[in-house]
Amino acid sequence: SIRHAHCKTSSLRTDVWVSRSDCVCVNVKCGHQLLLVRGEAAAITTKTTRSLGGSVMNRKRNLIPDVFRQVKKHKSGLAEDFKLVDKTEAENVDGVPNDTKSALIFLASLFPRKLFDDSLPPIVLKHQLYSIVKDKTTVDRQLNELKDRGDVRIFQFGFDTDVFGIVFTEDYKSKVLAATATKGTAATVQKFLETVLNSCTDIGFNNDKMLKEFSFCDQEITQLVNAGLLTVRDFGCWWLAIPSAGRFVKYFVKGRKAVLGMIRKSKYNEVLQSDLETRKVTSTVKLGIQYHVHDIIGAELVKCIPTTTGTLLRLNDV
């Protein structure tokens with residue numbers, strides 16, 4: 001319907017189009033949206049309406065309060081955020097790394113250096129990367145690239161053939177040199193780092209390679225074994241090793257067992273990840289609860305179930 005009202009914005013008395021309590025000033029020179037209050041029209045927005053030749057639906061659409069338009073934009077923004085999470089090339093979301101090197105740096109920051117008097121380089125287990133970067137193919141490819149460039153070294157731990165340790169090369173060199181600086185094997189260790197480590201990315205070596213290619217004698221190989229840089233794999237074969245890593249392996253095995261026991265004691269053998277990470281742990285979990293959470297997730301010892309209250313961890317053997 002058409003009524004006469006006073007447009008306070010344009011200071012004109014003019015006809016207004018009224019729909020329930022809302023009205024629009026139809027003066028060509030004004031075009032403000034108005035709100036009819038006790039017979040008067042008060043401007044509630046400065047958005048200019050289209051000409052009167054538009055459809056009724058367009059007019060009604062212009063009468064939608066801005067607050068509802070804001071809600072629509074907010075919902076649209078959330079949808080865009082979820083689309084962003086699904087993109088593999090997206091940047092980090094909520095501080096979670098989305099590439100292998102960033103994940104390595106994050107996991108290395110969880111390593112308790114003080115526990116070992118800073119004598120060990122930060123050790124990251126390969127399967128822990130799978131708890132952060134879900135695409136295993138991407139992890140393996142990017143990790144091989146880092147290894148081929150000499151940025152990281154990969155180690156085989158004897159307690160499980162499927163468990164590999166990863167250490168940044170510079171950290172490894174600095175800790176090895178510091179550990180052997182005052183020992184009689186210092187010269188042999190220096191030779192090993194300069195000749196073998198700088199030119200070969202293998203995780204193991206055989207007798208022919210050490211004797212012929214790198215010109216080490218049997219006595220020098222024995223010194224490297226005693227210094228902890230090599231461990232015996234088989235007759236005439238050795239794994240590249242981290243000196244004094246035996247304590248780490250001991251703490252790791254006990255800590256994993258303790259964390260799995262905590263989940264097993266929970267109702268239905270499941271627990272929220274956020275609750276598990278904030279629990280008080282026993283002295284057997286020396287490496288830290290977060291370090292072990294990434295371990296059991298990456299090793300697929302637990303299932304990760306998304307819920308409205310967070311990620312639920314459920315034992316896989318149930």
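**Packing of helices α7 and α9, and the buried face of α3**

Helices α7 and α9 are roughly perpendicular to each other in this predicted model, because angles of 65 to 115 degrees count as roughly perpendicular and the axes of α7 (residues 186-197) and α9 (residues 218-227) cross at roughly 95°. The two axes come within 9 Å. The contact is formed by Thr188, Val189, Lys191 and Phe192 on the side of α7, which meet Glu220, Gln223, Leu224 and Ala227 of α9. By class, four nonpolar, two polar and two charged residues make up this contact of α7 with α9.

A second helix, α3, spans residues 100-109, and its buried residues are Thr100, Ala103, Leu104, Leu107 and Ala108. Viewed down the axis of α3, these buried residues fall within an arc of 130°, and they therefore line one face of the helix. In general, an α-helix has 3.6 residues a turn, so residues three or four places apart point the same way. The cover over the buried residues of α3 includes the strands β6 (124-125), β7 (152-156) and β8 (164-168), together with the helices α4 (126-129), α5 (136-148) and α12 (289-298).

These elements belong to a chain that contains 12 helices and 14 strands. Of its 318 residues, 40% count as buried, while the chain exposes about 18700 Å², of which carbon and sulfur atoms supply 52%. Among the contacts in the chain with a separation of 6 or more, 51% are accounted for by residues 24 or more positions apart.

Methods:
Residues are numbered from 1 along each chain as its sequence is written. This is a predicted model: local features need pLDDT of at least 70, side-chain atom pairs count only at pLDDT 80 or more; totals for chains, interfaces and linings use all residues. Side-chain values use heavy atoms; hydrogens and water are left out. Axes are lines fitted to C-alpha atoms, for helices over the stretch in contact, and angles run from 0 to 180 degrees between N-to-C directions. Helices (H or I, at least four residues) and strands (E, at least two) are DSSP runs, numbered from the N terminus. Angles under 35 degrees count as roughly parallel, over 145 as roughly antiparallel, 65 to 115 as roughly perpendicular and the rest as oblique. Contact means heavy atoms within 4.5 Å. Ala, Val, Leu, Ile, Met, Phe, Trp, Tyr, Cys and Pro count as nonpolar, Asp, Glu, Lys and Arg as charged, and the others, Gly among them, as polar. Buried means under 20% relative accessible area, exposed over 50%, partly exposed in between (1.4 Å probe, protein chains only). Accessible areas come from the Shrake-Rupley method with a 1.4 Å probe; for residues, only the protein chains shown count as cover. The arc is that of the directions from the helix axis to the C-beta atoms.
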